[in-house]
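Trainee: I would like a close look at a single part of this model, and then an account of how that part fits with the rest. Please keep to what can be read from the structure.

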Amino acid sequence: MQKTILITGASSGIGKETSFYFAKQGWNVIATMRNPERETQLIQQPNILVTALEVTQPKSIVAAIEKGMERFGQIDALLNNAGYGQQGLFEAITAEQVQQQFDVNVFGLMNVTRAVLPYLRKQKNESVIVNIPRWCASIKNIRIRYRASPLSPLVREY
């Protein structure tokens, strides 16, 4: 039986390319995104199901998983890729912007993982969860901006 992976944030970048990669390797792919009606390339692949999923909306997560189970009958792997990075000066980012980013990048990832875990546990073979930490991009951008300042000799690299 073919293995199946659920990928969040599959509308572009790593998520989209990973969807193509797994499909070419013979996997079934549940490629999820906020606006699947805009997708034109992934839908052409016979073993890719493109469906809506908003990581901050539990009903949306359940609906995407159910569609994937109806089509493929199992989920063997999860790639949590949905998320975004904040760009700008730290003091200019509002508390609401930070909360929204955490809602998507942290709690959204937790929501999807929590919903998929029962299906992964049903598999008799090994399952895997991979998380792409989008927040790293925002920290990197802040560090780059800060290092470009006159205080850059005082900043330590970690």
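How many bridges join E4 to strand E5 (residues 128-131)?

Mentor: There are 4 bridges between E4 and strand E5 (residues 128-131), and the two strands run parallel. Bear in mind that this is a predicted model. One residue pair to locate is Leu 79 with Val 130 of E5, which stand opposite each other.

E4 also pairs with E1: 3 bridges join them, and these strands run parallel. Leu 79 serves as a reference point here too, since Ile 7 stands opposite Leu 79 in E4.

Next, the two faces of E4. Strand E4 covers residues 77-80 and has both sides covered. Ala 77 and Leu 79 lie on one side, Leu 78 and Asn 80 lie on the other, and all four are buried.

Now the setting. The chain has 4 helices and 5 strands, arranged from the N terminus as β-α-β-β-α-β-α-β-α. Of its 158 residues, 37% count as buried. Among contacts between residues at least 6 apart in sequence, 55% join residues at least 24 apart. The chain exposes about 9,800 Å², with 55% of that supplied by carbon and sulfur atoms.

The largest nonpolar core has 16 residues, and Leu 6, Ile 65, Ile 75, Val 112 and Val 116 have the most contacts inside it. Two or more of its residues come from each of helix H2 (58-72) and helix H3 (95-122). H3 gives the largest share, 5 residues. A second, separate core has 15 residues, and this is where Leu 79 of the reference pairs belongs, along with Ile 5, Ala 23 and Ala 31, among others.

H2 can be followed in more detail. Its 15 residues should span 21 Å at 1.5 Å a residue, and the end C-alpha atoms are 21 Å apart, so the two figures agree. The buried residues of H2 are Ser 60, Ile 61, Ala 64, Ile 65, Gly 68 and Phe 72. Because these buried residues fall within an arc of 130° when seen down the axis, they line one face of H2. In an α-helix there are 3.6 residues a turn, so residues three or four places apart point the same way. The face of H2 turned away from the buried side carries the exposed residues Pro 58, Lys 59 and Glu 70. Ala 63, also in H2, counts as partly exposed because its relative accessibility is 32%. Immediately after H2 comes Gly 73, with a positive phi near 80°.

The buried residues of H2 pack against strand E1 (4-7), E2, strand E3 (48-52) and H3. Ile 65 gives a specific case: beyond its neighbours within four places in sequence, Ile 65 is in contact with Leu 6, Ile 75, Ala 115, Val 116 and Tyr 119.

Thr 32, in strand E2 (residues 28-33), gives another view of the region. Thr 32 counts as buried because its relative accessibility is 0%. With neighbours within four places in sequence left aside, the contacts of Thr 32 include Leu 6, Ile 7, Thr 51, Leu 53 and Ala 64. Ile 7, then, touches Thr 32 and stands opposite Leu 79 in E4, which leads back to the strand you asked about.

Technical notes. Residues are numbered from 1 along each chain as its sequence is written. This is a predicted model: local features need pLDDT of at least 70, side-chain atom pairs count only at pLDDT 80 or more; totals for chains, interfaces and linings use all residues. Side-chain values use heavy atoms; hydrogens and water are left out. Buried means under 20% relative accessible area, exposed over 50%, partly exposed in between (1.4 Å probe, protein chains only). Contact means heavy atoms within 4.5 Å. Accessible areas come from the Shrake-Rupley method with a 1.4 Å probe; for residues, only the protein chains shown count as cover. A nonpolar core is a set of buried Ala, Val, Leu, Ile, Met, Phe, Trp, Tyr and Cys residues joined through side-chain atoms within 4.5 Å. The expected span of a helix is 1.5 Å times one less than its number of residues. The arc is that of the directions from the helix axis to the C-beta atoms. Two strands pair if DSSP finds at least two bridges between them.
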